[in-house]
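Work through the exercises below with the sequence and the model open. Each task is followed by a solution in steps.

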Amino acid sequence: MNAHANELSSVDVLAPIFKASGDPLRLEILRVLRRDTFGVLELSQLFDMRQSGMSHHLKVMHKAGLLEPQREGNAIFYRRPLHLDTEKLTDQTVRQIFETVDRVTLPTHLQEKIEAIRTQRAEQSQAFFARHAEQFQEQQELIAAFDLYAEPVAELLRKRAAKQNWQTTLEIGPGEGAFLKVLSGLSSHVVGLDNSRDMLAKATRTCIDERLNNVDLIEGVTDTLLARGDAFDLVVANMVLHHVPSPADIFLDAAALMNNGGCFVVSELCSHDQDWAKDNCGDLWLGFEPEELTAWATDAGLTAGEQLFIGLRNGFQVQVREFWKTTGPK
C-alpha cells in the first residue's frame with residue numbers, strides 16, 4: 001500500500017513538469033535560454049507574441065521548475081535554474097528535458113532575432129563608452145576600485161606563471177590598459193581586444209607611457225580573432241562580462257581561442273541589486289551568480305579551478321575565477 005502511494009506521489013510531482021513542457025513554443029523558449037538570459041519583452045519579440053501571453057507561459061514554466069526569474073534592477077529576466085539536485089527526481093527530469101531539447105537546432109529566424117537583440121545590447125554598451133570614455137575610470141570605481149580586483153588577479157597569475165609557459169595572452173576589454181602592464185611582464189606577446197575606439201585610444205596611451213612593446217591593441221570582438229585563427233595560452237577578462245550582450249558566449253569564444261592547457265581568468269561582480277550601475281557605469285547585467293559562470297564554463301568544455309571572493313565596503317562582491325581548457329592546477 002505504501003509503495004503504491006509512493007509511486008502515485010512520484011507521478012504526481014512529475015506530471016506538472018511534463019505538462020508545462022508539453023508545448024512546442026515552451027520547448028523553443030527553453031532552447032533559446034540554453035545560454036542566454038532574456039527579459040519578458042525580449043522573449044515576446046523573439047516569438048512574435050503579446051507580453052501578456054508570454055508572461056503566462058513563463059509563469060507556468062516557472063511554477064513547474066523549468067525556469068527561474070532573475071531580477072535586473074526594475075526588469076525581470078528568465079533563465080534556466082542554476083541549482084538542480086542530482087538526487088532529486090524532479091530535478092533529474094528537468095535536466096533530461098534540457099538535454100533533449102538542446103539537441104534540436106534553433107531555426108534560422110530565431111537565431112537572427114537573437115543576434116538582433118545581442119546587437120542592440122552591444123550598441124547600448126558602445127554608446128555609453130563613447131559618451132563617457134573620459135570619466136569611465138572614475139565611474140567604474142564607484143563600484144570597485146581597480147586595485148581591489150586587479151591585485152588578486154595579478155597575484156593568481158604570477159603564482160600560475162611559475163609553472164605555466166604563457167607565450168601568448170589575450171585581454172578582453174582592457175579598458176584604459178591598466179592591467180596590460182601586468183600581462184606584458186608574464187607573456188611574450190599580449191593582445192588587448194576592445195570594441196570601443198575611445199577606450200583603445202586610452203589603452204594605446206598607457207602602452208606608450210609604460211613602454212609596453214610586446215602589446216598589440218585590436219579593435220573588434222572575439223569573433224574578429226576567431227576569424228583570424230589566433231590562439232592564446234592565457235585569456236583574461238577583468239570586469240567585462242557585465243558589459244557584454246551574451247556573457248556565456250565569451251566562455252565559448254575564450255575556449256575556442258585557447259590552446260590546449262590554456263587558462264581563462266575572470267574577475268567579475270557577483271549578483272547585486274544596485275540598479276544605478278546601469279545608468280552610471282554602462283552595465284548591461286547586475287553581476288552574476290558564481291554558479292552561472294561555472295555552468296557557462298562547463299558548457300564551453302572548461303574546468304573550474306581556483307576561486308576567490310572579495311567583499312567590498314559598498315556592498316558589492318567581486319569573484320575571481322580561473323577555468324582551464326584541460327585539467328589544470330586546482
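**Exercise 1. The boundary between the domains**

Task: In this predicted model, find how much area domain 1 and domain 2 bury between them, and which residues of domain 1 lose the most area.

Solution.
- Step 1. The area buried between domain 1 and domain 2 is about 1,100 Å², with 48% of it on carbon and sulfur atoms.
- Step 2. On the side of domain 1, the residues that lose the most area to domain 2 are Arg35, Glu72 and Leu82. Together these three account for 50% of what that side buries.
- Step 3. To place the two parts on the sequence, take residues 12-106 as domain 1 and 135-325 as domain 2. Domain 1 gives 12 residues to the contact, and domain 2 gives 15.
- Step 4. Between the C-alpha centres of the two domains the distance is 30 Å.

**Exercise 2. Charges and polar pairs across the boundary**

Task: Count the salt bridges and the residue pairs in polar contact between the domains, then describe the side of domain 1 that touches domain 2.

Solution.
- Step 1. Three salt bridges are counted between domain 1 and domain 2.
- Step 2. Arg35 forms a salt bridge with Asp299, and their closest N and O atoms are 2.7 Å apart. Arg35 is also one of the residues of domain 1 that lose the most area to domain 2.
- Step 3. The count of residue pairs in polar contact between the domains is five.
- Step 4. Strand E2 (68-72) and strand E3 (75-79) are the elements that give two or more residues to the side of domain 1 that touches domain 2.
- Step 5. Sorted by class, that side of domain 1 has five charged, five polar and two nonpolar residues.

**Exercise 3. Two helices**

Task: List the buried residues of H2 and of H12, and find the residue that caps the N-terminal end of H2.

Solution.
- Step 1. Helix H2 spans residues 24-32, and its buried residues are Arg26, Ile29, Leu30, Arg31 and Val32.
- Step 2. The cap at the N-terminal end of H2 is Asp23, with a side-chain oxygen 2.8 Å from the backbone nitrogen of Leu25.
- Step 3. In H12, nine of the 11 residues are buried, so that the helix is mostly covered. The buried residues are Pro247, Ala248, Asp249, Ile250, Phe251, Asp253, Ala254, Ala255 and Leu257.

**Exercise 4. A buried loop residue**

Task: Is Val240 buried or exposed, and what is in contact with Val240 beyond its neighbours within four places in sequence?

Solution.
- Step 1. Val240 sits in the loop between strand E7 (232-238) and helix H12 (247-257).
- Step 2. The relative accessibility of Val240 is 9%, and because the cut-off for buried is under 20%, Val240 counts as buried.
- Step 3. Beyond its neighbours within four places in sequence, Val240 is in contact with Ile172, Gly173, Ser267 and Glu268.
- Step 4. Val240 and Asp194 are 46 residues apart along the chain, with 10 Å between their C-alpha atoms.

**Exercise 5. Two buried strand residues**

Task: Assign Glu322 and Leu269 to their strands, and state which residues are in contact with Leu269 and which side chains make polar contacts with Glu322.

Solution.
- Step 1. Glu322 belongs to strand E10 (residues 317-324). Glu322 counts as buried, at 0% relative accessibility.
- Step 2. The side chain of Glu322 makes a polar contact of 2.7 Å with the side chain of Arg160. Another polar contact, of 3.4 Å, joins the side chains of Glu322 and Trp324.
- Step 3. Leu269 belongs to strand E8 (residues 258-269). Leu269 is buried, with a relative accessible area of 0%.
- Step 4. Leaving aside neighbours within four places in sequence, the contacts of Leu269 include Ile143, Met239, His242, Phe288, Phe316 and Val318.
- Step 5. The C-alpha atoms of Leu269 and Val320 are separated by 8.9 Å, and the two residues are 51 apart along the chain.

**Exercise 6. Positive phi values**

Task: Find the phi values of Asp48 and Arg211, and state whether each residue is buried or exposed.

Solution.
- Step 1. Asp48 has a positive phi, near 50°, and is not a glycine. Asp48 is in the loop between helix H3 (40-46) and helix H4 (51-63).
- Step 2. With 62% relative accessibility, Asp48 counts as exposed.
- Step 3. Arg211, also not a glycine, has a positive phi of about 55°. Arg211 is in the loop between helix H10 (197-210) and strand E6 (215-219).
- Step 4. With 71% relative accessibility, Arg211 counts as exposed.

Conventions. Residues are numbered from 1 along each chain as its sequence is written. This is a predicted model: local features need pLDDT of at least 70, side-chain atom pairs count only at pLDDT 80 or more; totals for chains, interfaces and linings use all residues. Side-chain values use heavy atoms; hydrogens and water are left out. Domain bounds come from an automatic or database domain assignment. Contact means heavy atoms within 4.5 Å. Buried area is the accessible area (1.4 Å probe) that two parts lose on being put together, summed over both. A salt bridge is a side-chain nitrogen of Lys or Arg within 4 Å of a carboxyl oxygen of Asp or Glu. A polar contact is a pair of N or O atoms within 3.5 Å; within protein, one must be able to donate a hydrogen and the other to accept it, and residues adjacent in sequence count only if both atoms are side-chain atoms. Helices (H or I, at least four residues) and strands (E, at least two) are DSSP runs, numbered from the N terminus. Ala, Val, Leu, Ile, Met, Phe, Trp, Tyr, Cys and Pro count as nonpolar, Asp, Glu, Lys and Arg as charged, and the others, Gly among them, as polar. Buried means under 20% relative accessible area, exposed over 50%, partly exposed in between (1.4 Å probe, protein chains only).
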